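Here is a walk through one multi-chain model, going from how the chains meet down to single residues. Keep the structure open as you read.

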Amino acid sequence: MVMTPPPPAPLPALAGPRFLSRDGIQPLLDLLRADGRRVIGPTVADGAIVMDEIVSADQLPRGWGDDQAPGRYRLVRREDDRLFGYNLGPSSPKAWTFPSLVPISRATRSEGKVTFDPVLPEPPKIAFLGIRACEIAALRIHDRVLQGGPFVDTDYAARRADTLIVAVGCTVSAPTCFCTSMGSGPELTAGHDLAIVETEDGLLVEAATPAGETLLAALAARVATPEERARATHEVAATRARIGDPVALPGLKERLLAQPDHPRWAEVAERCITCGSCTSVCPTCFCTSVTQTTDLAGADVVMNRTWDSCFSPSFAKVAGGSFRSRPRDRYRQWLTHKLATWEDQFGTPGCVGCGRCVTWCPVGIDLREEAAAIAPVRPPEPVIAPVAATPGAFAVGRVSAVRSETADTTTLAIDRLDPAFAAGRPGQFAMVDLPGFPPLPISISRFTADGLVLTIRGAGPATRVLCGLQPGDEVGLRGPLGTAWPLDRVAGRDLVIVTGGIGLAPLRPVLDAVVADRERFGSVRLYYGARTPADLLFRDELEGIWPHAGIEVALTVDRAGSDWSGPVGVVTHLFDRATWDGSATHAFVCGPERMMQATVAALAARGIGAARTWVTLERHMECGIGLCGHCQMGSLFICKDGPVFSIAQLGDTFGREGI
Amino acid sequence: MTERPTPTPAPVPEDRTYAVGELTRVEGEGSLHLVVRGGEIVEARLGIFEAPRYFEALVVDRTPDEVIDIVARICGICPVAYQMSAVHAFEDLFGVAIDPSVRALRRLLYCGEWIESHALHIWLLHAPDFLGYPSAIAMAADHRERVEAALRAKKAGNDLLRLLGGRPIHPVSVRVGGWSRAPRRSELLALRPALADGLAIAQETTRFVASLPMPAFAREPRLVSLRHPDEYPFNHGRIVSSDGIDIPMADWRSIFEEHQVEGSNALHARTLDGKGAYLLGPAARVTLTGGTLHPLAREALDQSGFAELIRTNIYASIVARGVELIHAYAEALDLIDAYVPPSVPLAAWEPRAGVAAWATEAPRGLLFHRYVVDDRGRIREAQIVPPTSQNQAAIEADLVVAAREVLALPHAEATHRLEQMIRSYDPCISCATHFLDLTIDRA
Amino acid sequence: MASSAAPARPRVGVVKMASCDGCQLTILDLEERLLDVTERFEILDFPEASSARSAGPFDVLFIEGSISDPHQAERIVELRARTRYLVTIGACATAGGIQALRNWGDHAAFRDAVYARPEWVASLDRSLPVADLVPVDAELRGCPIDPDQLLELLAALATGRRPQLRDESVCQECKRRGAVCVAVAKGVPCLGQVTQGGCGAICPRYGRGCYGCFGPREGANVDGLLRHLTADLGHDPAEAGRLLAGFTAWAQPFRSAIDATGGAPEGSRRSLPMAPEAARRAAQEGAR
C-alpha cells in the first residue's frame, strides 16, 4: 500500500499564533502597503477568483467560493463570509515572479557595430497575500530552476529577492487538488513570512520569519485561544483527509518512463487540443522563447522573454521539421517532464498538485487519470498476511449465525477465526472449503470483531451445501485474499456504486465503512438492481441504515409484481437522467460481466474515466493465491492481482471475449 | 469585370473619349460612363462591378449575435455602423431594456467610428485633391506636421474603438442586450488627453479646410437624415428630409425602395414618389439637424461661413465632415466625463418572431437594416441598404452638373475635378463593393 | 523571400479582391508608424490611399480579399507574374472569407436571393483563397489582420529576415494576458484552442468566445474540440459545427468539420428559393 506522506513537521514558531477578526485584514494590507509593497492577492474578476493588486480588503473575495472539476470552474457564493474560502483560480504568483513577457535586452546595430544592453529589472516590491502551500512549493521549484543552478535568470532573481509572503493554510479543497500526493500541502511549512488559517472564528495568524514577526507585532492582535488553535488544526487536517491521496507518487517516475509506447499516449492525444492552457496555468512551467520587437530597419531591437509552450508545433522545430510533430509526442513530453524527468534535472517532480492543469484544460483532461492509466500502480499487496496461504491449508471457522436473504441466497456469520481475518479490507474474498467439495472463492460481505460474514448464492451443488450450513457447523477458510476497493483514493470525493444481484455482497463492507465514518466521503450513491423485488439482498440496510446514513440508494428490478412501485429495468437506467457531475467521482462496480461492461460505458459517458472506475472480476479459482493458474487473464491472476481492478489497469482486456 | 479602362489619347477632336484609371482614394471599385453630345451630358452612369458577397443571404439562419459579427464585415471602414443598425433592430423587436450607460457607450463607440472615418477621409483621401498631391503620403513631404497631426487625431478615434470593442476594425463587444465587456472608468479617462488633442486638431482642421478654394458647383439636392430632438443623430431619431418627409426609421420602406440597374452589382435606392435622387451624409445631417450639434461644432460651422454652401456645393462636404469631426471628439469627451459603468452591461433577452428594422447614421449617411426573424430568433430574410447605394443617384445627378462645369477645362484638370467630386461623397467601397472607373465619352 | 538582404527600398503594391477593405485600412491605421513605413518602402500602387498608379513590377504585393469573380481570377495570375514576394492579408485572401460560406450552396440561389436580375451579375460560384490560384510567399491571418503582425512582417521584409509569426493557439495569448478562460469559467463555446493566435486573444478578453477569425492553427484538433462540445457538454453537433462556419470556414480542417457535423447554416447550404425580398424587387422591375 502506498502511504500518504506524513505532513512535514512545522517549523518552530517564532511567536504563537494570534487571532484577527476578518475585518482585521485591512490593517495588515495597510502595513504591507506602508512598507512600499504592491499587494498581490485574490479578487473576483471575469467569473473567477484571480490574483491582482489589492489596495482594499473590499476587493477580497469575501463570501465567495468555487466549484471545480476537470475542464470546469464556476464561482459560487458561500454560506459564510470567509475571505479565503475559495480554492485556487487560474492565476498564480508566476505572473509576477516570472511574467509572461519581460524585456531582457535591447540591441542596436549601427554602421556595422552592434551593442547589447541587458534590461536591468526594476521589480516592484511585492507582497503576496493568500497564496497556498502548493504555490509556495511552486516558488521553491522556480527558485531551484531559475536561480539554483550555475546560471541565473536575473529578472527572476531580482523579483524574488524581496518578496514577502502572507500565505493561507487550506481549509477548503477542490476535487482537482492533489497537493497531498505531491507532498506540497495543504499545511504551510516553510517559505512564508506570515501564515494565516481561516476558520469560522476568524483568522489565526502566525509569523514564520522576522519580517513576519514585525508585521504581527504591529497588528497588536491577541494570542489565539487553545480552542481557536484546535479548530484551525482540525480544519487543515480535514482538508488533507478530503483530498486523500489521488496520485501514487512513489515509483511514478520509473513507471512513467517505462511506458514511452503506451497506447494511452495516442488516446489522450485524440482528446488533447494541444492548446497549451495547461502549461500556461501551471505555476512551475518555465519554458520561454525570446521574441523580438524591432524597428523597420532591424537596427533597434528589444528582446523579450515570453512564455511559450511545449504544446506549440514550433517549440521543438528546427530546419526540416519538428522533433515532436505529433500531439501524442507533445503530451508525453509535458507529462513525463512534469512527473518524471524534472526530478532528474532538479531533484523534485515539476508538479505541486495544485490541479490548475486539470481545471483549466478546456476539454477536461485529468493529468492524474492519465498518469494512473499510463503508469498504473500494481494494486497494493494486502497489509495483512492471509491465513493458511499455502496449497492444502485451511483455517477452521465456526458458523455462528445463518440468515436467509432470499430464496437462493444465504448469509453465514463465521466466528472463532484467526484475528487476521478481521483485519481484511472491503472487496477481499476468502476460499471456503467444505471437505468433499471443491474450494470456492466467496466474497466477504462484512468484517466483524471476531470473524467475517459470507453471503452465498446457492447456484451449484457446493454453494447449495454451504447455504444449508447451520450454526455450529465448521468450514475451512483461506484468506482474506486479493485486492480491496481503494477507499483511500475515494476519501473526500464522491462515490458511485453500481451493482446487481449477489454483486452487492463484496460492496457491503464499503458501505459499512461509509456508515462508520460518513464525513470521510463526499456524496455516496448506490445503484442496485435485482431480478425481482424478492431477490434484493440486505433489505434492512437498503431501506433503513444506508439511507439514514446519507447514502443515496436507488433500486431497480428486472421483473416486478404489483407490490413494487419502483423502477423496472437495467441498473444503468437509474442514473440516465441523474444530474450529478462525474468529473471527479469514483465508481465501484460489481455484477455480471455484461452488466459491468454496460455500466462502465455509461459511467464513462458521464465523465467517470477509466482510472476512477473500479470493478471486481470473477473467474474460476481453486487456490486463491496465484499458484493454480485457473484465473489467469492476460498478464494478471485475478485472485492475486485482483479481484478489484481499475478499468485503466485492465485496458482493453476488460470485456474482451476469450481471454 | 472584363473591360478595363486604359489611358487613351484623344484621337479626333470632335469625337473624343476621356478615360481616367480606376478612381482612387475612394473605398472600392466601380466605373462611370459619361456621354457628351454637342456639349450636353446625355448620360452619367455609375457602374458597380465589384464581386458581390451576398451578405443578405449569408445571414439567413443565423442568430442575432452572429449577424452583428457578420454584417460588420460589409465594411472595414464603418463596421460599427452595421453593428449598430443591426443591434438596435433586434433589441427593438425583442423589447430588450437597455441600461442608460449601455446607450451612452454605444454613442461613444459611434463617436470613435466617426472620428476614424472622417479623419481618414478628410486627410488621407480628400485633402490631397485640394492641395494637389496624389496622396497624403506624398503630401507629408511638404506638410509633415499636418499629416502627423492628422494621423494622431485619427489614432485617438481608433484607440477609443479599441478600448470599447477590442479592435478598431470589426470590434467584438457589441451584443444584443449591451456589451460583452464594458470599460472601466479609469480606462476611458486615460483616453481623454488624446481626444482633447484630437479636438484641437479637428478645430484647426476645420478652419483650414474652410480656407481652401472650393470649385464652383450648385445643385439643391433633396437631403435625408435621421433627426432627434435632443441629440445629434447616431442611433436614434426619425427619418426626415429637406422637403418634409418625417417618418419612424422602421418605416423606411414606406418612402424608399431599392432597384437593380444593369451594369451595376449594387442595388440603387430611390424614393417611391418619383422625385429620384437624394443625398445622405454630413452635408445632409449638418443642414437638417445642425441645431443639435455640440456647441463647439456649431461654433466652428458658424465661423466657417459654410452653413449655406454645404447644402448646395458638394465639394464643401469636407467642411461638414470637419464640423462633425469636432462634434465627435467633443461629445466623446462629454460622454467620458459623465460615464458610470452600466449596472447591467449585458441584459438578458428572449427571441421573438417578427420584423426587426432600424436605421442609424453611418459616417457617410443613413444605414437601414431590416430582418425577418423567426420564433427561435433566427434570421429568415434580410435587407441591408448602405448609404452609398442611396447616394448613387445623387452622385450621378451631381456628375451631370459637375461635368458641365469642367468640360471646358483641359483634360487632366477636368478629370481630376470629377474624381474630386466623387470623393466628396466619401463613397464606401466596401459597403456597396463598388469599382469606379471614370470614362468620359464625348461624341 | 530570398535570404539575402532585401533591396534598399522595396517597391510595394496593395490591391484588393472581394473584401471589406479592413485589412488594407490596417496599413493606414499604423498611425504614427505609417510615415516610417512609407519612408522605408516605396508605395508603388495603393489605390485606396493614392492616385499615383503603377502596374508594377512589385517587390512586395499585398493582396486583400478572396477570388470570387472571373476577372479577379485572371487578375491574380497577372499580378503574381509581376510580383517577387506575394503576401495575402486577412481571412478573405487566406481562407476565402465569410463570403466563402456560399461555397456550400447553390451559387445561383445566392445570386437570385439578392438580385432581381441575376443575369446582370458576374461572379464565380465559389469564393477562394488566393493560394488556390497562385503561389503565396507569406500570409497574415485575421479578420482583420493585426497591426503588430503587419509591422513585424514589414520589418522582416525590410531587413530580409524571416518574420516571427508564432504558430501558437489563442489560448496561450489569452493566458499570457491574464484573461480568464471563458470556456472553463463560463461554459462559453470558444474556438481559441484550435485557432491560430496573433490577435492578442481579443474575444476572450472581451468576455466572449473566440470565433476563429485567424483561422485554424497547424494541426488543429477540431475533432477533439467538437467531441468535447457534443459528448461532454451536450451541444447539438450541428450547432457545434456552426461555430466553425464563420470567417475562415473554408480553411481546412474547419471545412471538413462543418461538412461532418452538418454545421453549414441554412443560408449558405440550401438552394434558396427566390427570397421574398428579391422577389419583391423583381416584381418592381417588371412593373416598370
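## Who touches whom

Two pairs of chains touch in this predicted model, and the pair with the most contacts is B and C. Chains A and B, on the other hand, do not touch: their nearest C-alpha atoms are 9 Å apart.

Chain A does meet chain C, with 42 residues of chain A in contact with 34 residues of chain C. On the chain A side, at least two residues each come from strand S3 (48–53), strand S5 (72–77), helix H9 (263–271), helix H10 (277–281) and S13. Sort that side by class and you get 19 nonpolar, 18 polar and five charged residues.

## A four-stranded sheet in chain A

S13 of chain A also turns up in an open sheet of four strands, ordered S7-S6-S14-S13, with antiparallel pairing. Strand S7 (113–118) and strand S13 (288–294) are the edges, each pairing on one side only. From one strand to the next, the twist averages 25°.

Elsewhere in that order, strand S6 (residues 101–110) and strand S14 (residues 300–307) of chain A are antiparallel partners over seven bridges. To find your place in the pair, look for Ser105(A), which sits opposite Met303(A) of S14(A).

## Helix H4 of chain A

S6 of chain A has another job to note: it is part of what covers the buried residues of helix H4(A), along with helix H2 (94–97), helix H3 (133–147) and strand S9 (163–169). Which residues of H4(A) are buried? In this helix, residues 154–161, they are Asp155(A), Tyr156(A) and Arg159(A). Viewed down the axis of H4(A), these fall within an arc of 100°, so they line one face of the helix. That fits the usual geometry: an α-helix has 3.6 residues a turn, so residues three or four places apart point the same way.

## A strand with partners on either hand

Strand S18 (residues 409–415) of chain A is mostly covered, with six of its seven residues buried. S18(A) pairs antiparallel with strand S17 (residues 395–404) over six bridges, and the two make a hairpin with four residues between them. Within this pair, Arg403(A) has Thr411(A) of S18(A) as its bridge partner.

S18(A) is also joined by six bridges to strand S21 (residues 451–457) of chain A, again antiparallel. Here Ala413(A) stands opposite Val453(A) of S21(A).

## Two nonpolar cores

The largest nonpolar core has 364 residues, and those touching the most other members are Ala167(A), Ile196(A), Ala371(A), Phe588(A), Val71(B) and Tyr329(B). Helix H4 (residues 100–131) of chain B gives the most to this core, with 15 residues. Take Tyr329(B): neighbours within four places in sequence aside, its contacts are Ile115(B), Leu195(B), Gly198(B), Leu199(B) and Ala202(B).

There is also a second, separate core of 34 residues, with Ile444(A), Val453(A), Cys467(A) and Leu477(A) among them.

## Chain B, and its helix H11

Chain B has 16 helices and 14 strands, and 62% of its 443 residues count as buried. Counting contacts in chain B between residues at least 6 apart in sequence, 73% join residues at least 24 apart.

Helix H11 (residues 295–304) of chain B buries Ala297(B), Ala300(B), Leu301(B) and Ser304(B). They sit on the same side of H11(B), because the arc they cover around the axis is only 100°. Their cover includes helix H8 (192–210), helix H10 (282–289) and helix H13 (317–337) of chain B. Pro295(B) and Gln303(B) are exposed residues on the face turned away from that buried side. Right after H11(B) comes Gly305(B), with a positive phi near 70°.

## One residue to finish: Leu131(B)

Leu131(B) belongs to helix H4 of chain B. Is Leu131(B) buried, exposed or partly exposed? It has 13 other C-beta atoms within 10 Å, which makes it partly exposed; buried would take 20 or more, exposed 12 or fewer. Leu131(B) and Pro213(B) are 82 residues apart in sequence, yet 9.5 Å separates their C-alpha atoms in space.

Methods
Residues numbered from 1 in each chain as written. Chains lettered and ligands numbered in written order. Predicted model: local features only at pLDDT ≥ 70, side-chain atom pairs only at ≥ 80, totals over all residues. Arc of directions from axis to C-beta. Contact = placed C-beta atoms within 7 Å. Pairing = 2+ DSSP bridges. Axes fitted to C-alpha atoms, helices over the stretch in contact; angles between N-to-C directions. Nonpolar A, V, L, I, M, F, W, Y, C, P; charged D, E, K, R; others polar. Core = buried A, V, L, I, M, F, W, Y, C linked by C-beta atoms within 7 Å.
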